[in-house]
Amino acid sequence: MTENINRVLAIDIGGSHIKASVLNMNGTIEADYTKLPTPQPATPANVLQTIGELVKDFPDYDRISVGFPGYVNNGVIYTAPNLAPGAWQKTEFARLLSEKLSKPAKVINDADMQGLGVVSGVGLEMMVTLGTGFGTAFLKDGILLPHLELAHHPITKSKTYDQYVGEKAMLIVGTEKWNLRVKKVIDILKTVFNYDRLYMGGGNSKKINFPLDENIKIVTNKDAIDGGIKLWRQDA
Ligand code: BGC
């Protein structure tokens, strides 16, 4: 059944900020990308309240898409390592948000959503986000593959990817050493996954200071905003 979907409210929940904008189905921005600090503690109730504030002056929208920084299945949150982790298990966030804003909502992992927004749709493409955590997504010919929480896979004897190249690690070791670490991570991803293209987003990707292979592209959060529309395009 096709439905009349004209505008989508796209929300990206991050460890430091929650960002939102309204887009029409052609990808034109109808409400500028706006952000508010992620509430502390970032419990479901507080995050819902911040989203309410963020969108209160936005134009009308028909559907909602959310990129969430944790493991999500069918709109239900299982983990939220960079928010208030204990408070999210089995939270039916798609349902809660849909009830709060009175519009149908879809919630997927944040890196998956960014990946959907930036990929070319040809071959095996990987999205990596360098922000509070280390987000990853894989897409084959534009279709999202099952989500892997690579962020929590160990990369050294004592550190996961999150702990090795996440925001906290960057602040502790400084950008020079962090860059060496990111370079090492890219070398591993290249050997293990043999992606056709790798996209690197998230706030810290602009701090990368070494030359990248030709099939690696740095993207901005704005480049990725289209993911919010793609989630609903099939229904439209
Ligand atoms: C989470 C991922 C998320 C990433 C980026 C990690 O800590 O486990 O689910 O995609 O951070 O936000």
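This passage describes how the ligand is held in a predicted model of the protein, beginning with the two domains and moving on to the binding site.

The domain assignment divides the protein chain into domain 1, which covers residues 7–112 + 224–233, and domain 2, which covers residues 120–218. Domain 1 is thus built from two stretches of the chain, 7–112 and 224–233. Between the C-alpha centres of domain 1 and domain 2 the distance is 23 Å. The two domains also touch: eleven residues of domain 1 are in contact with twelve residues of domain 2.

Where does the ligand sit? It occupies the largest pocket. Both domains take part in surrounding the ligand, with at least three residues of the shell coming from domain 1 and at least three from domain 2. In total, the shell holds 13 residues, and the closest are Asn82, Asp110, Glu149, His152 and Asp162. By character, the shell residues comprise four nonpolar, six polar and three charged.

Several of the closest residues can be followed down to individual atoms. On the side chain of Asn82, an N or O atom lies 2.9 Å from an oxygen atom of the ligand. For Glu149, the distance from a side-chain N or O atom to a ligand oxygen atom is 2.5 Å. Asp162 likewise places a polar side-chain atom 2.5 Å from an oxygen atom of the ligand. Taken alone, the ligand would expose 310 Å², and the protein buries 96% of that area.

Note on methods. Residues numbered from 1 in each chain as written. Predicted model: local features only at pLDDT ≥ 70, side-chain atom pairs only at ≥ 80, totals over all residues. Heavy atoms only, no water. Near = heavy atom within 4 Å. Polar contact = N/O pair within 3.5 Å; in protein donor to acceptor, adjacent residues only side chain to side chain. Areas by Shrake-Rupley, 256 points an atom, 1.4 Å probe, with all protein chains shown as cover. 1 Å grid on protein atoms, 1.4 Å probe; cavity = no way out; pocket = protein on both sides within 12 Å on 5 of 7 lines; lining within 4 Å. Sits in = over half its atoms within 2 Å of the grid points. Nonpolar A, V, L, I, M, F, W, Y, C, P; charged D, E, K, R; others polar. Domains from an automatic or database assignment. Contact = heavy atoms within 4.5 Å.
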